[in-house]
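Subject: Structure handover

Hello,

Here is the structure I promised to pass on. My notes on it follow below.

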Amino acid sequence: MRNPLNTTIESVQPSGIRKFFDIVSEMDDAISLGVGEPDFDTPWHIREEGIHSLEKGRTFYSSNAGLKELRQEITKYCKRKYDVDYNPLTEVMVTVGGSEAIDMAMRVMLDPGDEVLIPQPSYVSYVPCCIMAGGVPVPIELEEKDDFRLTPEKLLEKITDKTKVLVLPFPNNPTGAIMEKEDLDKIVPIIEKHDLFVISDEIYSELTYKGEPHSIIEYPGMWERTVYINGFSKAYAMTGWRLGYACAPQRILKQMLKLHQFAIMCAPTTSQYAGVEAIKNGDTDIATMREAYNERRRFLVTRLREIGMDCYEPYGAFYVFPSVKRFGMSSDEFATRLLKEEKVAIVPGTAFGECGEGYMRISYAYSIQDLKKALERIEKFVKRIKEEKGID
């Protein structure tokens, strides 16, 4: 029998995150600090709007691009946040989570052999989506000494005559790194000079703990060459609602919408009605959750340093990215032993790119009580490792 499978899809490796959580699911008294999902319930007024839409029988398809009211609210959000104007009829589409938007953007922008610059460590979907779209992923290895920010020097090192797209994954999963205005100021001229396009994944933009978030779409000349991606999962604790969106020039969005039309049809209607309520009246909810995350962030960084783990300070998302290099073991070995010996699951940095070796991703989208309990176990484990290896 001939191989029924597409060889490109076969070559893509599954997510490195899942390995540990498959084990955790069968382990009693295990604590998982690895899932990137808010521990808050979706705020009641948002859930209520979803329920109300069902009670009213609003269970039919929306337009392919999404409810007009939701697209209008998305454009208002971009205007008040970044002073950028999008046409809700031709430059905005609602997607099944931000992940669909990433996939659609890659597929419409890439021809076979086009190179995509992907700063790493970063979200696990960028490389597979690039490969499945026929592109060539080119990692840009970010470093802790730069606070895992994209520097102009690192960007220039990787640009070739085949480079077409730059992914901007900030605030970053897994490092928690952000790009401040002065950082964006330095890379915008390079993008323009080399005629690059940008996929700016800003799903964590509301979870920034240092000043106001900035977006590349604010810069003159960048709106025309950027697919701006955001969604409701992280900011509004709506992961299971599967609701995201993309904003882009009509030339690009028209083709994304064509793909979406044939592959998806439309995002869930109930979720879209809830999304209208979230984006219109959810700013207070965001502020409350952000304050709680910030408290956990400070606690986690402080405790990790106290127990002897090197940890730079992240200012975005809800992850810390401590180093385990001083313990003389790989990220995978550290995570595997911690899970087996202390029943705490965290994610090896290598799940987010090879340059993540020597680091671990720990999520603080959990209660302070869970974090304290987990840190007690991690402290015991680190003490044991230090004794084994004679580390002060």
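What is the volume of the second largest pocket? About 490 Å³. A pocket is an open set of points on a 1 Å grid over the protein atoms alone, with protein on both sides within 12 Å along at least five of seven lines; a cavity is a set where a 1.4 Å probe fits but cannot get out; lining residues have an atom within 4 Å of a point. Grid points are joined across faces, edges and corners, and a volume is the space filled by probe spheres set on the points.

Some ground rules. This is a predicted model, in which local features need pLDDT of at least 70 and side-chain atom pairs count only at pLDDT 80 or more, while totals for chains, interfaces and linings use all residues. Residues are numbered from 1 along each chain as its sequence is written, and side-chain values use heavy atoms, with hydrogens and water left out.

The overall picture

The protein chain has 13 helices and 12 strands. Helices (H or I, at least four residues) and strands (E, at least two) are DSSP runs, numbered from the N terminus. The radius of gyration is 21 Å, close to the 21 Å that the globule rule gives for 392 residues, so the chain is as compact as a globular protein of that length. That radius is taken over C-alpha atoms, and the rule is 2.2 Å times the number of residues to the power 0.38. The C-alpha trace spans about 65 × 60 × 55 Å along its principal axes. Of the 392 residues, 57% count as buried. Buried means under 20% relative accessible area (1.4 Å probe, protein chains only).

The pockets

Back to the second largest pocket. It has 23 lining residues; Gln120, Val124, Val127, Pro128 and Ala351 lie nearest its centre. Two elements, α6 (126-132) and β4 (136-141), give two or more residues to this lining. The lining divides into 12 nonpolar, 9 polar and 2 charged residues. Ala, Val, Leu, Ile, Met, Phe, Trp, Tyr, Cys and Pro count as nonpolar, Asp, Glu, Lys and Arg as charged, and the others, Gly among them, as polar.

The largest pocket holds about 580 Å³. Its lining has 30 residues, with Gly36, Tyr123, Asn173, Tyr204 and Lys234 nearest the centre. Helix α5 (residues 97-109) gives the largest share, 4 residues.

The cavities

There are 2 cavities of 30 Å³ or more. The largest has a volume of about 170 Å³. Its lining has 18 residues, including Phe170, Met179 and His214. The second largest has a volume of about 60 Å³. Among its lining residues are Asn230, Gly231 and Tyr245.

Strand β7

Asn230 and Gly231 also belong to β7 (residues 226-231), where 6 of 6 residues are buried. Both faces are covered: Thr226, Tyr228 and Asn230 on one side, Val227, Ile229 and Gly231 on the other. Strands pair if DSSP finds at least two bridges between them. Strand β6 (residues 197-201) runs parallel to β7, with 4 bridges. Serine 200 stands opposite tyrosine 228 there. Strand β8 (residues 244-247) runs antiparallel to β7, also with 4 bridges. In β8, tyrosine 245 is the bridge partner of asparagine 230.

Another sheet

An open sheet of 3 strands has the order β9-β12-β11, with antiparallel pairing. Its edge strands are β9 (319-320) and β11 (347-348).

Best wishes

Technical notes
Buried means under 20% relative accessible area, exposed over 50%, partly exposed in between (1.4 Å probe, protein chains only).
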